[in-house]
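Colleague: Please choose one part of this model and take me through it slowly. I work at the bench, so plain words are welcome.

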Amino acid sequence: MINPELAEWRDKFLRNTGLELDLSSDPGGFYDETLRLTEERVPARFARALATHPDLLAWMAAAVYQAPPRGLGLGPSESVLLLGPTGTGKTWESFGVVRGFAACGLRVKWRHVTQADYYALLRPRHGIDPEEEFRGVAGARFLIMDDLGAAKESEWTEEALFRLVDYRYREVLPTVFTSNLLPVAPKRKPGAPEGPPSLPSVLGERVTSRITEMAVQVDPLDGPDRRMGTA
Ligand SMILES: Nc1ncnc2c1ncn2[C@@H]1O[C@H](COP(=O)(O)OP(=O)(O)OP(=O)(O)O)[C@@H](O)[C@H]1O
Ligand SMILES: [Mg+2]
């Protein structure tokens with residue numbers, strides 16, 4: 001059974017984008033099962049998340065349009081770079097995308113990792129093959145790579161991030177990247193103190209260059225930090 005708020009979101013999404021999906025019959029319960037599989041994995045805080053950002057909705061519409069009906073689909077597709085200050089709803093919107101795909105009958109093998117989680121997965125641990133962990137994240141059909149730039153960097157993490165981004169770049173695997181960083185380093189006069197951190201200054205030029213090519217940069221989210229109760 002679809003959650004009523006999500007059903008309302010889906011109907012509006014289909015109306016606004018002109019997409020036609022026939023979800024009236026559900027042979028074998030595929031659609032219900034798709035929703036269940038997604039909803040049980042979305043973290044509790046984002047259980048009611050809905051995508052609202054207009055550019056994100058347009059990107060979703062293109063992905064849904066290309067996917068086969070009731071498919072296991074989401075083929076090669078562009079990614080999204082969602083920027084904005086802390087607490088403005090980037091993670092919320094990202095889980096809204098996952099729920100929205102499921103509501104549209106798209107069963108997608110998705111993963112959500114923060115950059116720090118991703119590094120933790122790759123660290124050598126007894127009985128765990130880091131390469132398998134890498135493939136699980138890098139090869140996910142749809143990936144939310146959350147909080148880019150929030151983890152401590154070292155040579156090892158730089159390499160790990162580069163491998164991930166480069167793999168998804170090469171395979172054109174859809175990814176939502178989120179970050180608090182600025183998209184480009186602000187210009188500064190020689191000798192002036194370093195400005196606020198940016199994608200290239202924190203992630204390096206090679207990672208930034210790939211993300212810039214592979215991802216649609218949607219309008220950054222703004223507004224107050226919703227966690228501070230001022231929204
Ligand atoms: N549209 C929304 N409606 C209701 N609650 C929301 C909405 N967007 C965000 N929130 C809530 O606001 C809080 C902050 O949202 P979120 O965690 O998505 O921010 P963020 O931009 O990812 O922040 P950070 O950069 O610190 O990771 C969360 O508790 C989230 O559930
Ligand atoms: Mg977040």
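Modeller: Let's start on the outward side of helix α1, where P4, E8, R15 and N16 are exposed (over 50% relative accessible area; buried is under 20% and partly exposed lies in between, with a 1.4 Å probe and protein chains only). This is a predicted model, in which local features need pLDDT of at least 70, side-chain atom pairs count only at pLDDT 80 or more, and totals for chains, interfaces and linings use all residues. Residues are numbered from 1 along each chain as written, chains are lettered from A and ligands numbered from 1 in written order, and side-chain values use heavy atoms, without hydrogens or water.

Turn the helix around and you meet its buried residues: L6, A7, W9, R10, F13 and L14. Looking down the axis, these fall within an arc of 160° (taken from the directions from the axis to the C-beta atoms), so they line one face of α1. In general, an α-helix has 3.6 residues a turn, so residues three or four places apart point the same way. The cover over the buried residues of α1 includes α2 (30–39), α3 (54–66) and α4 (90–103), with contact meaning heavy atoms within 4.5 Å.

As for its length, α1 runs over residues 4–17, 14 residues in total, and spans 20 Å from first C-alpha to last, close to the 20 Å expected at 1.5 Å a residue (1.5 Å times one less than the number of residues). Helices here are DSSP runs of H or I, at least four residues, numbered from the N terminus.

Finally, the two ends. N3 caps the N-terminal end of α1, with a side-chain oxygen 2.9 Å from the backbone nitrogen of E5. Just after the helix, G18 adopts a positive phi of about 70°.

Conventions:
Helices (H or I, at least four residues) and strands (E, at least two) are DSSP runs, numbered from the N terminus. A polar contact is a pair of N or O atoms within 3.5 Å; within protein, one must be able to donate a hydrogen and the other to accept it, and residues adjacent in sequence count only if both atoms are side-chain atoms.
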